[in-house]
Amino acid sequence: MRQNPPGHIRLTSHSAGGKPHRFPIHWGAATARARGPLIGSVTARTHRNVIGAHGGAYSIYRALAVSSGALDPAARADLKDTGPLIEIGPYESWTNATRIVSLDPWGHRVTEDFKAEIDDGIDIRPTIAITKAHLTLPEVREAVEVGRLVEDGHIVRAGGEVGVTKAAIDPVWYLPGVAARFGVTEGVLRRTLFEQTGGMYPELVTRRDLHVFLPPIGGTTLYIFGDPTAIRDPARRLTCRVHDECNGSDVFGSDICTCRPYLTHGVEECIREAQTGGAGLIVYNRKEGRALGEVTKFLVYNARKRQPGGDQASTYFARTECVAGVQDARFQQLMPDTLQWLGVTRIDRLVSMSNLKYDALIGAGIEIGERVPIPPELVPQDAQVEIEAKKAAGYFTPEPPAETLEGLVGRDLKDY
């Protein structure tokens, strides 16, 4: 196995003396070729035109594979037959430099749009992949058994299996556009990213000629129920849930929050919409623990349970802020980009109570019809603290929030 080349290290922290880049990027251009390829691979450093590396946080595991000799550092992906299983776009939103700033709208089409360059040896990689799958969820089987859903042989197959189209999206940040979303200058954003990542990416402050960043954060997965073309068809309805990752509840069923119950309720509503001729969409964002991380989340759990008076709805957000310094770091300003990529202009039924998500979608020009709260019977007893605190803080609810949060306390530590 080929090892890392010996000798000096070639830094990428300075440009090539003012020479024009071979592959300039014109974000928001009318076509992929006019925009230019995004090259974050390290096999040919002179071709790189972005900050960071493909795969985000997973680039670290690639480095481990290379350092251990398990992976040839010059290895390139064979992209034959890896293209998307359905066509998505292009849409008008793809050619607007302000409407999509946190993903590459052309990222699933690189083998088509840049075939000549790839055949010529340029290491251009997809940042979006689109495939199909079957989902098997006990909640869906239960819904079939009690008659809330039916096995139609198309959307819901025998045994409660659900056919979906799914897409994985790696984050790609156009820094001027991201800065504008947060109301700061690009310079302030770049310096803050550099400082708060411990100087991991010096190009953020030294390479002002590079405006695209591949951040080391989790991406997004989309699950489309029914005909994908219905998503942007104004004659057909769309039900959508935008869900932020919660490993404890989503995967393992932890009952301290409403995450899995609300997610599976969203799946059921998406299936129901697809079975009536519309489409359903789950947008699953990797933002564990309100984008504060799972360690921070567990520390907050401990602080909530140990405080005088126990786990109280009245101090729900305050305990998070005491530990993390902020109540929530998900900042939904970038979230609508995924729906812009799909060409969505209206969501008929938004399965979410979050005022932050609603405001971000409306601010992006996406019309919302009905807002669908979680049914009360799906809220676990220990999650009453969370749901009532959120209602009091401004989350959507068809019923007035509790007049007072005093006395609403969750499970005691001795009961675990």
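In the predicted model, the lining of the second largest cavity comprises five nonpolar, four polar and one charged residues. This cavity encloses about 50 Å³ of space. Its lining consists of Ala 53, His 54, Gly 55, Gly 56, Thr 127, Asp 170, Pro 171, Val 172, Leu 214 and Pro 215. Leu 214 also belongs to strand S5, which spans residues 212-214.

Strand S5 is part of an open sheet of three strands, arranged in the order S1-S5-S4 and with mixed pairing. The edges of this sheet are formed by strand S1 (51-52) and strand S4 (173-174), each of which pairs on one side only. Strands S4 and S5 run antiparallel and are joined by two bridges. Within this arrangement, Tyr 174 is positioned opposite Val 212 of S5.

Both residues of strand S4 take part in aromatic contacts. A pair of aromatic rings is described by the distance of the centres and the angle of the planes. The structure contains nine aromatic pairs. In one of them, Trp 27 and Tyr 174 are stacked, with a centre-to-centre distance of 5.1 Å and an angle of 0° between the planes. This pair connects distant parts of the chain, since Trp 27 lies in the segment before helix H1 (32-35) and Tyr 174 in strand S4, 147 residues apart. Trp 27 has a relative accessibility of 10% and therefore counts as buried. Tyr 174 has a relative accessible area of 19%; because the limit for burial is under 20%, Tyr 174 is likewise classed as buried.

A further pair is formed by Trp 173 and Phe 213, whose ring centres lie 6.3 Å apart. The planes of these two rings meet at 75°, so the pair is edge-to-face, a class that requires an angle over 60 degrees. This contact also links distant parts of the chain, with Trp 173 in strand S4 and Phe 213 in strand S5, 40 residues apart. Trp 173 is buried, at a relative accessible area of 14%, and Phe 213 is buried at 3%.

Elsewhere, Tyr 91, Trp 94 and Trp 106 form one aromatic cluster. Aromatic rings are also approached by charged groups. The charged end of Arg 241 is placed over the ring of Tyr 262, at 4.1 Å from the ring centre. For Arg 411, the charged end sits over the ring of Tyr 416, 5.1 Å from its centre.

A search of the whole structure identified four cavities of 30 Å³ or more. The largest cavity contains about 500 Å³ of space. Its lining is made up of 30 residues, and those nearest the centre are Cys 259, Arg 290, Arg 330, Glu 386 and Lys 390. By class, this lining has 12 nonpolar, seven polar and 11 charged residues.

Several secondary-structure elements contribute to the lining of the largest cavity. At least two residues each are supplied by strand S7 (238-244), helix H10 (259-275), helix H11 (288-291), helix H12 (294-306), helix H13 (316-324) and helix H16 (384-392). Among these elements, H12 provides the largest share, with five residues. Strand S7 includes the position of Arg 241, and helix H10 that of Tyr 262, the two residues of the charge-over-ring contact at 4.1 Å.

Terms used
Residues numbered from 1 in each chain as written. Predicted model: local features only at pLDDT ≥ 70, side-chain atom pairs only at ≥ 80, totals over all residues. Heavy atoms only, no water. Pairing = 2+ DSSP bridges. Helix = DSSP H or I, 4+ residues; strand = E, 2+ residues; numbered from the N terminus. Phe/Tyr/Trp six-rings, centres within 6.5 Å; stacked < 30°, edge-to-face > 60°. Buried < 20%, exposed > 50% of the residue type's maximum accessible area, 1.4 Å probe, protein only. Lys NZ or Arg CZ within 6 Å of the ring centre and 35° of its normal. 1 Å grid on protein atoms, 1.4 Å probe; cavity = no way out; pocket = protein on both sides within 12 Å on 5 of 7 lines; lining within 4 Å. Points joined across faces, edges and corners; volume = space filled by probe spheres on them. Nonpolar A, V, L, I, M, F, W, Y, C, P; charged D, E, K, R; others polar.
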